[in-house]
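This report introduces one protein chain to a reader who meets it for the first time. It begins with the overall fold and then turns to the surface.

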Amino acid sequence: MTNANPETFDLFAFSSGATEPEEIVTIYMDGKTAQQILDTEKRIAQASSDEVEALEDEMEKLKDKFRASRLLVHVRSIPRRKRDQVTNEIDSEYGVFNPNDPNSKREDALITRFFSECIYKVVDAEGREDRSIPVWENERMAQWRLLIPEKYDIKLANTISKLVFKSEYFEAAELSVDF
């Protein structure tokens, strides 16, 4: 923010720095290695003392391989107006939500769209960033949701829901700065 005059400020620059609640969700993509780790733990528990060291070495290699499948998914809430816009667009395509007749296609489309809006960066285990996520079309995000393990899809959906709740609270509350 540039200030030529210390008694004034740039309202647009200040406002563009507004933030939403954020969280990082860790997911792992290598289920096969996770199973091998569990199997090796059982083998270690049943191994003789002279077999344990070799199995522990094997376990470390498996853990390294599993750690390499880690993704850090950076998620942030979106402002109410954007949430309303997304919901209205989904409603116009799939119909308004009816709790007595839930339309799973509508709900899945809404969740996918929120993923597209709220996930802004993914970092792999080597620290490489993929910032292309926010520009993914809904179809590509829907495909990615099918590729990740279901428990992480649910974890991401729950995180987004929690962040939206925090955002709603922030937007509704008048906080005292004297905390």
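The secondary structure of the chain, seen here in a predicted model, comes to seven helices and four strands. Read from the N terminus on, these elements follow the order α-β-α-α-β-α-α-β-β-α-α. Among contacts in the chain between residues at least 6 apart in sequence, 70% join residues that lie at least 24 apart.

Of the 179 residues in the chain, 30% are buried, while the accessible surface of the chain comes to about 12,500 Å², with 52% of that surface belonging to carbon and sulfur atoms.

Two patches on the surface deserve a description of their own. One is a patch of negative charge, in which Glu53, Glu56, Asp57 and Glu60 gather; the other is a nonpolar surface patch of about 360 Å², made by Phe9, Leu11 and Phe14. The table takes one residue from each patch and sets out its place and its accessibility.

| Residue | Element | Relative accessibility |
|---|---|---|
| Glu56 | helix H3 (residues 49-67) | 42% |
| Phe14 | helix H1 (residues 11-15) | 52% |

Which class of exposure does Phe14 fall into, at 52% relative accessibility? Phe14 counts as exposed, because its relative accessibility of 52% is over 50%. Glu56, in helix H3, has a relative accessibility of 42%, which lies between 20% and 50%, and therefore Glu56 counts as partly exposed.

Note on methods: Residues are numbered from 1 along each chain as its sequence is written. This is a predicted model: local features need pLDDT of at least 70, side-chain atom pairs count only at pLDDT 80 or more; totals for chains, interfaces and linings use all residues. Side-chain values use heavy atoms; hydrogens and water are left out. Patches are made of residues with over 30% relative accessible area and no salt bridge: like charges are joined within 9 Å, nonpolar side chains (Val, Leu, Ile, Met, Phe, Trp, Tyr) within 5 Å. Accessible areas come from the Shrake-Rupley method with a 1.4 Å probe; for residues, only the protein chains shown count as cover. A salt bridge is a side-chain nitrogen of Lys or Arg within 4 Å of a carboxyl oxygen of Asp or Glu. Lys and Arg count as positive and Asp and Glu as negative; His and the chain ends are not counted. The place of a charge is taken as NZ of Lys, CZ of Arg, CG of Asp or CD of Glu. Helices (H or I, at least four residues) and strands (E, at least two) are DSSP runs, numbered from the N terminus. Buried means under 20% relative accessible area, exposed over 50%, partly exposed in between (1.4 Å probe, protein chains only). Contact means heavy atoms within 4.5 Å.
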